[in-house]
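Q: I have a model open and want to go through how its helices pack. Can we take it piece by piece?

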Amino acid sequence: MYFQNELYVNDIQNISKLSLPWEKLHNTSVLITGATGMIGTFLVDVLMERNLKNGDGIRIYALGRSEERAKQRFGEYFDRDNFHFISCDINKGYPTGIHFDYLFHCASNTHPNAYVTDPVGTILTNVIGTKNVLDLAVESHARRVMFLSTVEVYGENKGTVERFRESDFGYIDCNTLRAGYSEGKRTGEALCQAYRKQYGLDVVIPRICRVYGPTMLASDSKALAQFIKKAVAGEDIVLKSQGTQYFSYCYVGDVVSGLLYILFYGQDGEAYNIADEKSDIHLRDLAGLLAECAGKKVVFDLPDAVEAQGFSKATLALLDSSKLKSLGWTAEAGIREQAEKTVKILKEGR
């Protein structure tokens with residue numbers, strides 16, 4: 001398991017004990033792209049916990065570009081028969097000769113610096129990479145594909161709705177560098193619908209709000225990730241705007257439990273927002289919360305030119321998660337409790 005911290009282990013165990021039809025995964029093969037990312041790592045730990053404690057016999061194929069990073073995150077799993085690491089850039093091809101029952105496409109650039117420094121890769125992972133995953137699913141006669149999408153497909157909320165439902169869309173200026181991520185995800189969703197129609201694939205699409213948690217990458221440049229890293233280091237929290245942005249957030253464990261509810265209960269072809277209304281918060285208040293947690297203060301600092309290009313133009317992005325809740329999902333706790341827990345886990349992990 002990535003962390004041996006008691007709080008993290010409790011999270012993994014609690015999700016693995018959810019009252020879900022786990023028998024659907026018994027003795028199946030599951031592919032997870034982007035397996036060493038924030039969500040992928042947590043998902044792998046949950047499924048491995050099911051194998052360890054419940055004997056589910058899930059064959060987990062963790063796909064990523066770096067075996068070194070995979071060994072850092074999953075070192076103890078490498079010697080187990082039901083864990084397999086696949087070293088592959090999903091944009092350049094996909095593994096052959098393996099049948100996958102379920103595919104989670106989690107691979108994606110997901111933070112501002114990556115959007116700016118690797119804009120082509122940002123788009124291609126959500127377009128070419130998604131095509132490769134869908135082709136692999138067709139070859140495997142897969143039972144279900146899950147394409148992880150994002151709140152950013154909704155674009156800017158011009159005040160026409162309070163919360164984005166799955167049928168709503170805002171404005172995206174496609175003629176900007178920053179648009180590569182949101183437009184790539186929109187195209188990825190459209191590809192999923194095309195493969196459903198043309199090849200009969202079963203696909204579900206979780207649209208995930210801003211995510212945080214102890215499995216975040218050290219390179220993560222999102223505002224909340226920066227706040228958390230400062231809090232862990234015992235430093236002042238740096239806010240690079242006035243902090244008036246009002247967003248939905250969700251702890252990584254709650255995101256993974258949401259993915260499982262969608263996997264088991266979601267309707268083919270449907271999108272589902274994953275967000276926790278208890279964690280809706282203005283950015284300045286979020287900075288203050290982490291500063292309080294660290295016993296420090298909030299300081300303001302303007303972003304440099306590279307950072308500014310990667311920032312979202314959205315200032316209001318709240319998600320309506322009632323569709324997911326109708327499947328039985330609920331978030332465990334609000335953002336204060338989960339953010340403080342994240343800081344505690346990472347402090348011990350250091």
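A: One definition to start with: contact means heavy atoms within 4.5 Å. On that basis, Ile 228, Ala 231 and Val 232 in α7 meet Thr 342, Val 343, Leu 346 and Lys 347 in α12. Keep in mind that this is a predicted model.

Q: What classes of residue are in the contact of α7 with α12?
A: Five nonpolar, one polar and one charged.

Q: And at what angle do helix α7 and helix α12 pack?
A: About 55°, with the axes 9 Å apart. Helix α7 covers residues 223-233 and helix α12 covers residues 335-349. The angle makes α7 oblique to α12 because it falls outside the ranges for roughly parallel, antiparallel and perpendicular.

Q: Which hand does the crossing of α7 and α12 have?
A: It is right-handed.

Q: Switching to the N-terminal end. How do the axes of α1 and α2 cross?
A: Helix α1 is residues 6-16 and helix α2 is residues 38-54. Their axes come within 9 Å and cross at roughly 65°. Since 65 to 115 degrees counts as roughly perpendicular, α1 is therefore roughly perpendicular to α2. α1 passes α2 in a right-handed crossing.

Q: Which residues make that contact?
A: From α1, Tyr 8, Asp 11, Ile 12, Gln 13, Ile 15 and Ser 16. From α2, Thr 41, Phe 42, Asp 45, Val 46, Glu 49, Arg 50 and Lys 53. By class, the contact of α1 with α2 has five nonpolar, three polar and five charged residues.

Q: α12 came up before. How does α1 pack with α12?
A: The two pack at an angle of about 120°, and their axes are 8 Å apart. That makes α1 oblique to α12. Leu 7, Tyr 8 and Asp 11 of α1 make the contact with Lys 341, Lys 344 and Ile 345 of α12. The class split for α1 with α12 is three nonpolar, no polar and three charged.

Q: Which residues of α1 are buried?
A: Tyr 8, Val 9, Asp 11, Ile 12, Ile 15 and Ser 16.

Q: How wide an arc do they cover around the axis?
A: Only 155°, which puts them on the same side of α1.

Q: What do the buried residues of α1 pack against?
A: They pack against α2, β10 (246-251), α8 (252-265) and α12.

Q: Take α8 then. Is Ser 257 buried or exposed?
A: Ser 257, found in helix α8, has a relative accessible area of 5%. The cut-off for buried is under 20%, so Ser 257 counts as buried.

Q: What does Ser 257 touch?
A: Leaving out residues up to four places away in sequence, Ser 257 touches Ile 15, Leu 18 and Trp 329. Ile 15 is one of the buried residues of α1.

Q: Now β10. Is Tyr 249 buried or exposed?
A: Tyr 249 sits in strand β10. Its relative accessible area is 3%, so Tyr 249 is buried.

Q: Which residues does Tyr 249 touch?
A: With residues up to four places away in sequence not counted, Tyr 249 touches Cys 209, Arg 210, Tyr 212, Leu 224, Asp 276, Ser 279, Ile 281, Leu 283, Leu 286 and Ile 335.

Q: What separates the C-alpha atoms of Tyr 249 and Val 211?
A: 5.8 Å, while the two residues are 38 residues apart along the chain.

Note on methods
Residues numbered from 1 in each chain as written. Predicted model: local features only at pLDDT ≥ 70, side-chain atom pairs only at ≥ 80, totals over all residues. Heavy atoms only, no water. Axes fitted to C-alpha atoms, helices over the stretch in contact; angles between N-to-C directions. Helix = DSSP H or I, 4+ residues; strand = E, 2+ residues; numbered from the N terminus. Parallel < 35°, antiparallel > 145°, perpendicular 65-115°, else oblique. Left-handed = near helix turned anticlockwise from the far one by under 90°. Nonpolar A, V, L, I, M, F, W, Y, C, P; charged D, E, K, R; others polar. Buried < 20%, exposed > 50% of the residue type's maximum accessible area, 1.4 Å probe, protein only. Arc of directions from axis to C-beta.
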